[in-house]
Every structure is written in structure tokens, then in C-alpha cells.
Amino acid sequence: MGVEVKNPKRLVPKTLVFQLTEEQLRAIFMESDINKDGVLSKKELKHAFGRLGAFIPAFRASRGLHHADANHDGVVDKDELDDLIKYAYRLGYKVT
């Protein structure tokens, strides 16, 4: 004659999470151009990926540079920025 008692699940409101748009990513990268020279160095990319919440920003900066730096000059310029944004967008960075 036992009565089984089920633990009711806690009703916790889910946090709304949205993937950043390409425009939002562009703004974050451009804001990370600390010296305002129009290109993103590896240090500035590290800062940007840190703002995006990357687990290891230095790794993401290296990979982003690898994906976007078409002319291999060690920076991402305005002509290469779209490739960097596409790379970051594929990673699915989100804002809560």
C-alpha cells in the first residue's frame, strides 16, 4: 500500500537566447579595432572573441585570422572582414 510520489520538475523560466546577426558581429569586430587603423590585428581579434564569449579567445583569433586573411599580411582588413564574420556566424555566437 505504498504511494508513489513524483518529484515535480521545477518551473524555471528559460532564458531567451538569440544568435547574433552578421550585422551585430560586424559591429563587435569594428568596435574591437582599438587603434582605429581600419584593420584587425590578432590582439584585436582576441579581444573581439573574448567579448563574444569564446572559451579560448586566442585560439578563435588564430582560427579567424586563418579563415579571413586572404593576402596573409597578418591582419583582417575591410575587404576580408566578410569572411571573418561568416566564420564567427558559423560558430553560432549567441546573446542572452
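Reader: Is Arg51 buried, partly exposed or exposed?
Author: In this predicted model, Arg51 has a relative accessible area of 43%. Buried means under 20% and exposed means over 50%. The value for Arg51 lies in between, so Arg51 is partly exposed.

Reader: Which residue forms a salt bridge with Arg51?
Author: The partner has a relative accessibility of 47%, so this residue also counts as partly exposed. In the salt bridge with Arg51, the closest N and O atoms are 3.0 Å apart. That residue is Glu31.

Reader: How many residues apart in sequence are the parts that Glu31 and Arg51 tie together?
Author: Glu31 forms a salt bridge with Arg51. Glu31 lies in helix H1 and Arg51 in helix H2, so the pair ties together two parts of the chain, and their separation in sequence is 20 residues.

Reader: How many salt bridges does a search of the whole structure find?
Author: One of them joins Glu31 and Arg51. Asp82 forms a salt bridge with Arg26, with the closest N and O atoms 2.5 Å apart. The search of the whole structure gives a total of two.

Reader: How far apart along the chain are Asp82 and Arg26?
Author: Asp82 is partly exposed at 39% relative accessible area, and Arg26 is partly exposed at 35%. Asp82 sits in helix H4 and Arg26 in helix H1, so this salt bridge links distant parts of the chain. The separation is 56 residues.

Reader: Which helix supplies the largest share of the largest nonpolar core?
Author: In soluble globular proteins, nonpolar side chains tend to be buried together. Here the largest nonpolar core has 20 residues, and Phe29, Leu45, Phe49, Leu52, Val76 and Leu84 have the most contacts inside it. Helices H1 (22–31), H2, H3 and H4 (81–91) each supply at least two residues of this core. The largest share is five residues, and these come from H4.

Reader: Which residues does Leu45 touch, not counting those up to four places away in sequence?
Author: Leu45 is among the residues with the most contacts inside the largest nonpolar core. Leaving out residues up to four places away in sequence, Leu45 touches Phe29, Leu40, Ala61, Leu65, Val76 and Leu84.

Reader: What is the accessible area of the nonpolar surface patch formed by Phe55, Ile56 and Phe59?
Author: Phe55 lies in the loop between helix H2 (42–51) and helix H3 (57–68). Phe55 has a relative accessible area of 78%, over the 50% cut-off, so Phe55 is exposed. Together with Ile56 and Phe59, Phe55 forms a nonpolar patch on the surface with an accessible area of about 390 Å².

Notes: Residues numbered from 1 in each chain as written. Predicted model: local features only at pLDDT ≥ 70, side-chain atom pairs only at ≥ 80, totals over all residues. Heavy atoms only, no water. Patch = residues over 30% accessible without salt bridge, like charges linked within 9 Å, V, L, I, M, F, W, Y side chains within 5 Å. Areas by Shrake-Rupley, 256 points an atom, 1.4 Å probe, with all protein chains shown as cover. Salt bridge = Lys/Arg side-chain N within 4 Å of Asp/Glu carboxyl O. Helix = DSSP H or I, 4+ residues; strand = E, 2+ residues; numbered from the N terminus. Buried < 20%, exposed > 50% of the residue type's maximum accessible area, 1.4 Å probe, protein only. Core = buried A, V, L, I, M, F, W, Y, C linked by side-chain atoms within 4.5 Å. Contact = heavy atoms within 4.5 Å.
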